[in-house]
Amino acid sequence: MDYDVIVIGGGYAGLSVGALLSHKGYRVLLLEKSRNLGGRAGYQERDGYTVEYGLHANRFAAEGAAAAVFRRLGRELQFISPGEPELWREDGFQPLPNNVGKIFKSPVLPFSAKLSAARYLLKLVVGRPERKYQMSMEELTSGCRSPQTLELMRVLSGIGIIAPDLRHSSAGEFAAFLKKALRAKVKVGYPKGGTRSIIEGLREELEKNGQVMTSSKVNRLMLKKGVVSQVKTDAATYVSRAVVSAIPAQEVPELFGGKDLPIKFVKTARELIPTAGISLDVGLRERVSDKDGLLVTSDPVSMGQFTSNIDPSMAPEGKQLLSWYYPLPLPWVKNQEKAKQEEERLRDLLGRMFPGIWEAAEWERPMRLSMVDGFLPRPGQTREDRPDFTIPSLDNFFLCGDTTRAEGTGGDTAFNSAIHVSRLVDEYLEGAAKEGD
Ligand SMILES: Cc1cc2nc3c(=O)[nH]c(=O)nc-3n(C[C@H](O)[C@H](O)[C@H](O)COP(=O)(O)OP(=O)(O)OC[C@H]3O[C@@H](n4cnc5c(N)ncnc54)[C@H](O)[C@@H]3O)c2cc1C
């Protein structure tokens, strides 16, 4: 066999699982359809700016999932701690009340709202999150009479698990995030050098014992007696002992020509609804703000950062890079009129927050994104509902990425899935080797 493992997709998940398996001594081939690696966390150089694919930060920094992958590779991922997060509300910035202590000190909440917000946070963190998976945050807060508490819940669910609409936020998924957030010493970190340092670090590790091929779209997987026997691109056919798909699960059935897979898997994968929204990156020819923490708006819930205030290497000297993300329901993003209206709303909001921003802008990159995180963490799409790492009828095929049932949301799910899948593939290959002895 040419390779021990073929990994399909070179985003965070594919690069991580490829690097972890290469580190264990397996011969890995990673096939990526684009010219560049990184997938939804990719980056590009633009006139001295390093422009990432929208706002990217890592929950829990050195205690988070990306750092855990790097530790397993014997490497350290360095983080820069941003400033304190701030909330834009009623035309001014306030400290974001993102823990019980800050809630009680917050000038934006009346005393009754402080009490009820603390009570709901407590209700969320007590007990096992799994018990609340199928309950929405709207149900959990159904007795709440305080508009400020509900607003805070929308903001926290929005930034924590990208589910600002409480009807579509699983109380259990939010509780799992909160529990981790309350324990974590650092809530969020920005990787020094940006997502590039993650992508290039993983590529370097993978290439120690493996190979990366970009511009190589996998079109078809061929099956023989319950194993994936061939991986086909336009240019070639590859063979390996195990195959890891690290592309969104929604697209996996197509790799098999829409057949040969259990109906239950196909249905779950195809119907999985991602988070969506509008992203706006702005290159600024002069400084318009000194803010260096996560900035959040409450109406509508949106979030952003002056990335270059956190890591100055991301913009040319004297200039600034702003990245903003406005989560929206997928049908709104797909509706041209609605998306345009919301883009205008975001631009107006940014203009009010940072006077002079549009005069200072030397370029803008608006994006309408129909997939931000691979799944919206709502009831019916929780860890117990999402696609598993294996498919019962296929022996040597594994699923990785931010659409699987790994812990967390977004990048965390991608990294956590890679840790899990690298272990499963290792066990499978060792088992197969023993059988062959
Ligand atoms: C604007 C934006 C902001 C975000 N902000 C954050 C954040 O702050 N924190 C966070 O944790 N997460 C964030 N996320 C989510 C995070 O980027 C994703 O969860 C993560 O990058 C997903 O990684 P992945 O490897 O699972 O999937 P992907 O990145 O989608 O990787 C899949 C790869 O497979 C390739 N591919 C697809 N089909 C084929 C094929 N047939 N053959 C070969 N290759 C193929 C694709 O080109 C892609 O490179 C954000 C996402 C976006 C879009």
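**Exercise 1. Strand E7 and its partners**

Work out whether strand E7 (residues 83–89) is mostly covered or mostly open, and find which strands it pairs with in this predicted model.

*Solution.* Start with burial. Five of the seven residues in E7 are buried, so the strand is mostly covered; the cut-off used here is under 20% relative accessible area.

Next, look for the parallel partner. Strand E16 (residues 293–298) runs parallel to E7, and four bridges link the two. To find a spot where they face each other, go to glutamate 86, which sits opposite leucine 295 of E16.

Now take the antiparallel partner. Strand E8 (residues 92–95) is joined to E7 by four bridges. Here a handy pair to pick out is tryptophan 88 with phenylalanine 93 of E8 standing opposite.

Finally, check the link between E7 and E8. The two strands make a hairpin with two residues between them. Have a look at glutamate 90 in that turn: its phi is positive, at about 45 degrees.

**Exercise 2. Leucine 349**

Is leucine 349 buried or exposed, and which residues does it touch?

*Solution.* First, place the residue: leucine 349 belongs to helix H13 (residues 336–353).

Then apply the cut-off. Buried means under 20% relative accessible area, and leucine 349 has 5%, so it counts as buried.

Now list the contacts, skipping residues up to four places away in sequence. That leaves Trp88, Thr297, Pro300 and Ser302. Trp88 is also the residue that stands opposite phenylalanine 93 in E8.

As a last step, try a distance. Serine 81 is 268 residues away from leucine 349 along the chain, and their C-alpha atoms are 26 Å apart.

**Exercise 3. The sheet with E11, E12 and E13**

Give the strand order of this sheet, name its edge strands and describe the turns.

*Solution.* Begin with the order. The sheet is open and has three strands, arranged E11-E12-E13 with antiparallel pairing. Its edges are strand E11 (218–224) and strand E13 (237–238), since each of these pairs on one side only.

Go on to the E11 and E12 pair. Six bridges hold these two together in the antiparallel sense, and leucine 223 has valine 228 of E12 as its bridge partner. The strands form a hairpin with two residues between them, and lysine 225 in the turn shows a positive phi of about 45 degrees.

Then move to E12 and E13. Strand E12 (residues 227–233) is joined to E13 by two bridges, again antiparallel. One place to see this is lysine 232, whose bridge partner in E13 is threonine 237. This hairpin has three residues between its strands.

One thing to keep in mind while you look: side chains in a regular strand alternate between the two faces of the sheet.

**Exercise 4. Two buried polar residues**

Find where serine 22 and glutamine 305 sit, and list what surrounds each of them.

*Solution.* Take serine 22, in helix H1. With a relative accessible area of 4%, serine 22 is buried. Its side chain comes within reach of the backbone nitrogen of asparagine 209, at 3.2 Å. Setting aside neighbours within four places in sequence, the contacts of serine 22 are Val28, Glu205, Leu206, Lys208, Asn209 and Gly210.

Now do glutamine 305, in strand E17 (residues 301–306). Glutamine 305 is buried, with a relative accessible area of 4%. Its contacts beyond four places in sequence include Leu55, His56, Tyr190, Gly293, Leu321 and Trp324.

**Exercise 5. The ligand**

Which residues are closest to the ligand, and how much of the ligand does the protein cover?

*Solution.* Start with the shell: 36 residues surround the ligand, and the closest are Glu32, Arg40, Leu55, His56 and Asp402. Leu55 and His56 also turn up among the contacts of glutamine 305.

Sort the shell by type and you get 15 nonpolar, 12 polar and nine charged residues.

Next, go through the polar pairs. Glutamate 32 puts a polar side-chain atom 2.6 Å from a ligand oxygen. For histidine 56, the distance from a side-chain N or O atom to an oxygen of the ligand is 2.8 Å. For arginine 59, the corresponding value is 3.3 Å.

Then check the cover: of the 1000 Å² of accessible area that the ligand has on its own, the protein covers 93%.

Last, ask which elements contribute. Helix H1 (12–23) and helix H15 (411–436) are the ones that give two or more residues to the shell. H15 gives the most, with three residues.

Terms used: Residues are numbered from 1 along each chain as its sequence is written. This is a predicted model: local features need pLDDT of at least 70, side-chain atom pairs count only at pLDDT 80 or more; totals for chains, interfaces and linings use all residues. Side-chain values use heavy atoms; hydrogens and water are left out. A residue is near a molecule or strand if one of its heavy atoms lies within 4 Å of it. A polar contact is a pair of N or O atoms within 3.5 Å; within protein, one must be able to donate a hydrogen and the other to accept it, and residues adjacent in sequence count only if both atoms are side-chain atoms. Accessible areas come from the Shrake-Rupley method with a 1.4 Å probe; for residues, only the protein chains shown count as cover. Ala, Val, Leu, Ile, Met, Phe, Trp, Tyr, Cys and Pro count as nonpolar, Asp, Glu, Lys and Arg as charged, and the others, Gly among them, as polar. Buried means under 20% relative accessible area, exposed over 50%, partly exposed in between (1.4 Å probe, protein chains only). Contact means heavy atoms within 4.5 Å.
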